[in-house]
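User: I am new to this structure and would like a close look at a single part of it. Could you walk me through one helix and what surrounds it?

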Amino acid sequence: MNERQHTKGSIGEDGLRAETKSPEKKALLVIDMQNDYLWSKRKEMFSYDTKELVGNVNQAIEQYQEEGYDIIYIKHILSKLMWGVGFSIKGTEGAELYSGLNIVSDHCFEKNHSDTFTAKAFREYMKDQGFTELALCGLDECGCVGATAKGAVKAGLTVKMLTDCIGRRFPEKKVKAMRDELLSLGVEYI
C-alpha cells in the first residue's frame, strides 16, 4: 500500500493524493517611509538620520527582492487633522512615500492605526496571498513597526525585524522594552 497522505496536492498514478508543500511566501514590509517623517520640512520630533535610514532600507529592498520576497509599502494616513496631529494627512505631499525611497512594486496599503494588520485591505491581501513570513523595516520601532510586528505574530506569521533599517526616535529604555517584548513573542532581530 502506498504511504502517501490523503492531503492537499496532486493525484498520483495510484489515485491517492501526493502531499505537496506550498512554497513559503515572504514579504518585506516598508512601513511609513513618508515625506512627513523624512524630508527636511519634517517636525523636529522626527529626528531620524534620513540619509542613513533610506540608504539601508533601499539596500534591503534590493536584497529581499532578489531573494524572492514581495515588497509591500505601507503608508500611515489620517483623513484630516486629528488629535492635534498635523502630519500624514491624506492628499498632502507629506503623506506620500519619501522621494528617495526605491519603489519596486505597486503593492501599497494605507493604514489609520499603528498596527498595519488593523487595515482590512492589507489583512485580506495577506490572507489571500498566503504569506508565512514578514521582514519589517521603516518607522518607528516603538510605533508602527513594533505594533505591526505584534499584529503579524498574532496572525501566526514569522517576523524578522531588520535592525539597521528601522528608525528609532524614542529613548533607549523604551526601545529596549519594545525589543524585549517582541523577542518574548518570537520575533527575530537581524
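Analyst: Happy to help; here is a look at helix H3, after a few words on the whole chain. This is a predicted model, in which local features need pLDDT of at least 70, side-chain atom pairs count only at pLDDT 80 or more, and totals for chains, interfaces and linings use all residues. Residues are numbered from 1 along each chain as its sequence is written, and side-chain values use heavy atoms, with hydrogens and water left out.

The protein chain has five helices and eight strands; these are DSSP runs numbered from the N terminus, with at least four residues for a helix (H or I) and at least two for a strand (E). Of its 190 residues, 46% are buried, meaning under 20% relative accessible area, while exposed means over 50% and partly exposed lies in between (1.4 Å probe, protein chains only).

Now to H3, which spans residues 120-129 and has Phe122, Tyr125 and Met126 buried. Looking down the axis of H3, these buried residues fall within an arc of 100 degrees, so they line one face of the helix; the arc is taken from the directions from the helix axis to the C-beta atoms. On the other side of H3, you will find Lys120, Lys127 and Asp128 exposed.

What lies over the buried residues? Their cover includes strands E3 (25-31), E4 (70-76), E5 (108-111) and E6 (131-138). After H3 comes Gly130, with a positive phi near 75 degrees.

Terms used: Contact = heavy atoms within 4.5 Å.
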